[in-house]
Amino acid sequence: MPEPKTEDIKERKRRDNLTAFLKRESAALGFDLCRVTRPDSIPDAKQRLGQFIDAGRHGTMEWMAETRERRGDPRTLWSDVRSVAVFGLNYGPDEDPRGILGKKDRAAISVYARNRDYHDVMKGRLKEIATRFAAKAGADVKVFVDTAPVMEKPLAAAAGLGWQGKHTNLVSREHGSWLFLGSMFTTADLNIDGSETDHCGSCRACLDVCPTAAFPAPYQIDARRCISYLTIEHKGPIDPEFRPLIGNRIYGCDDCLAVCPWNKFANEASEMKLKAREDLKEPSIAFLLTLDDPTFRTFFSGSPVKRIGRDRFIRNALIAAGNSGERSLIERCRALAADASPVVRGMAVWALSRLMEAGEFEAFAAQRENESDEEVLNEWRLAGVS
Ligand code: B12
Ligand code: SF4
């Protein structure tokens with residue numbers, strides 16, 4: 001065997017040092033996982049993304065279709081990239097978030113949105129790491145969290161942070177289904193970590209628990225049916241088919257993550273984990289229905305919930321009200337039936353049609369104000385009032 005050249009040994013040492021430096025920095029800034037993969041490590045992702053988009057499963061998230069070329073292959077996004085570091089941040093809740101689903105007067109905000117926006121938190125930390133890394137390596141870097149056209153889950157699986165479970169999210173042996181993902185692309189050569197194998201086995205708990213049957217097959221999701229999409233991404237009225245199934249989930253959904261048996265093995269998260277805001281753990285629907293635009297903005301300041309705006313948020317809270325069976329919410333819903341926002345008025349009609357007795361609803365309908373918005377008129381028709 002020929003002796004390795006001095007040049008090769010030097011290069012290998014440099015790679016070892018840089019990779020170790022990156023992982024130390026990542027741990028120091030509170031990330032639970034950091035592993036590295038090659039930009040060409042997700043050869044199936046592009047075609048699978050294509051199938052998802054061609055089947056229309058992205059719904060109205062047109063940005064997915066518009067960026068499909070860049071999203072499907074990191075090298076199309078940035079041709080100079082040589083290594084991709086993927087970071088995981090555990091956000092596992094202290095209690096099973098499904099506990100609140102039985103509390104009809106309370107609203108469920110999904111775990112990831114119960115504190116500050118994780119995009120901001122992760123991006124801030126990643127930028128710090130990237131700045132120090134770039135200085136040490138003399139290389140170019142770019143960091144991404146969620147909003148860029150990067151397929152974070154397949155990249156994380158290729159880097160060995162875990163595997164894509166049947167619910168399509170990344171599952172880790174150490175942190176279960178509760179990981180936020182982020183990445184750093186760099187022109188530097190780093191040591192590559194091995195991928196993880198699939199440990200879902202014959203389990204199909206996440207597929208069976210989904211309230212809206214959003215999984216056409218294991219490892220595939222139809223976003224149009226997912227409560228996370230419906231309550232966060234979707235604008236306008238929500239299809240009546242889904243409203244009763246949404247229950248009291250007013251922002252996102254955690255059911256398929258929470259049921260995953262791998263959560264039982266989840267390690268203690270780093271001390272820098274985001275802790276839930278007390279007032280976002282179990283807010284009352286009655287209180288949320290009182291929020292106008294300024295109070296909504298103040299209450300959700302710094303939270304990802306603010307992103308959907310007051311009207312879409314009240315639309316969701318009205319669906320929870322309509323599913324609650326709580327007659328004490330009728331007065332608030334009546335007031336919202338005269339709201340300036342058509343999507344709020346329409347969903348108030350739906351909620352009242354469920355909360356009021358038949359005669360009471362007829363009397364309310366007889367007194368209704370003139371309505372010209374086609375979508376609100378449609379809600380009246382759906383409620384049996386022409
Ligand atoms: C669009 C999007 C959504 C959409 C669509 C969800 C989806 N699964 O794609 C909606 C709005 C529904 C959504 C919901 C949620 N999201 Co989201 N979302 C994204 C986003 C922006 C893009 C994901 C994407 O590219 N989807 C396109 C599809 C085609 O890609 P894919 O899911 O990887 O599809 C793979 C499988 O289908 C697989 N496949 C297909 N066929 C087969 C066959 C076999 C045999 C196998 C093995 C695999 C396989 O190959 C595909 C390519 O890898 C990412 C951030 C990012 N930039 O990556 C966050 C992200 C996926 N979301 C995240 C989270 C936390 C959520 C929610 C939990 C939020 C909540 N509590 O409400 C839910 C979970 C719902 C769910 N079960 O997925 C996290 C997930 C973290 C993790 N551990 O994986 C991410 C990574 C954001 C982040 N930076 O942390 N999300
Ligand atoms: S987040 Fe909820 S609605 Fe969406 S796929 Fe998972 S269980 Fe179904």
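**Exercise 1. Describe the fold of the protein chain as a whole.**

Solution. Start with the contacts, where contact means heavy atoms within 4.5 Å. Residues 24 or more positions apart account for 74% of the contacts with a separation of 6 or more in the protein chain. The model is predicted: local features need pLDDT of at least 70, side-chain atom pairs count only at pLDDT 80 or more, and totals for chains, interfaces and linings use all residues. Residues are numbered from 1 along each chain as its sequence is written, chains are lettered from A and ligands numbered from 1 in the order in which they are written, and side-chain values use heavy atoms, with hydrogens and water left out.

Next, take the secondary structure. The protein chain has 19 helices and eight strands; helices (H or I, at least four residues) and strands (E, at least two) are DSSP runs, numbered from the N terminus.

Then take extent and burial. The C-alpha trace spans about 90 × 40 × 40 Å along its principal axes. Of the 386 residues, 52% are buried. Buried means under 20% relative accessible area, exposed over 50%, and partly exposed in between, with a 1.4 Å probe and protein chains only.

**Exercise 2. Work out what surrounds ligand 1.**

Solution. A residue is near a molecule or strand if one of its heavy atoms lies within 4 Å of it. Around ligand 1 there are 38 residues, and Glu152, Lys153, Leu170, Tyr219 and Ser228 come nearest.

Sort the shell by class. It has 24 nonpolar, eight polar and six charged residues. Here Ala, Val, Leu, Ile, Met, Phe, Trp, Tyr, Cys and Pro count as nonpolar, Asp, Glu, Lys and Arg as charged, and the others, Gly among them, as polar.

Now look for polar contacts (pairs of N or O atoms within 3.5 Å; within protein, one must be able to donate a hydrogen and the other to accept it, and residues adjacent in sequence count only if both atoms are side-chain atoms). Val150 places a backbone N or O atom 2.8 Å from a nitrogen atom of ligand 1. An N or O atom in the side chain of Thr168 is 2.9 Å from a nitrogen atom of ligand 1. For Gln164, a polar side-chain atom lies 3.0 Å from an oxygen atom of ligand 1.

Several elements give two or more residues to this shell, among them helix 2 (45-54), helix 7 (152-159) and strand 7 (179-186).

**Exercise 3. List the surroundings of ligand 2 and sort them by class.**

Solution. The residues around ligand 2 are Cys210, Pro211, Thr212, Ala214, Phe215, Ile221, Cys226, Ile227, Cys253, Asp255 and Cys256. By class, nine are nonpolar, one is polar and one is charged.

**Exercise 4. Examine two aromatic pairs and say which parts they tie together.**

Solution. Rings of Phe, Tyr and Trp (its six-membered ring) pair if their centres lie within 6.5 Å; planes under 30 degrees apart count as stacked, over 60 as edge-to-face and the rest as tilted. The structure holds 16 such pairs.

Step one: Tyr118 and Phe180 are stacked, 3.9 Å centre to centre with 5° between the planes. Because Tyr118 lies in helix 6 (residues 118-137) and Phe180 in strand 7, the pair ties together parts that are 62 residues apart in sequence. Both Tyr118 and Phe180 are buried.

Step two: Phe287 and Phe299 have ring centres 5.1 Å apart and planes at 70°, so this pair is edge-to-face. Phe287 belongs to helix 13 (residues 285-288) and Phe299 to helix 14 (residues 293-299), so the pair ties together parts 12 residues apart in sequence. Phe287 is partly exposed, at 33% relative accessible area, while Phe299 is buried, at 15%.

Step three: look for a charge over a ring, meaning NZ of Lys or CZ of Arg within 6 Å of the ring centre and within 35 degrees of the ring normal. Arg277 lies over the face of Phe299, 5.1 Å from the ring centre.

**Exercise 5. Place Asn115 and Asn316 in the structure.**

Solution. Asn115 sits in the loop between strand 3 (108-109) and helix 6. With a relative accessible area of 19%, Asn115 is buried. Not counting residues up to four places away in sequence, Asn115 touches seven listed partners, including Arg277 and Pro304.

Asn316 lies in helix 15 (residues 309-324) and is buried, at 2% relative accessibility. The side chains of Asn316 and Arg315 are joined by a polar contact of 2.9 Å. Beyond four places in sequence, Asn316 touches Thr231, Ile238, Ile250 and Ile308.
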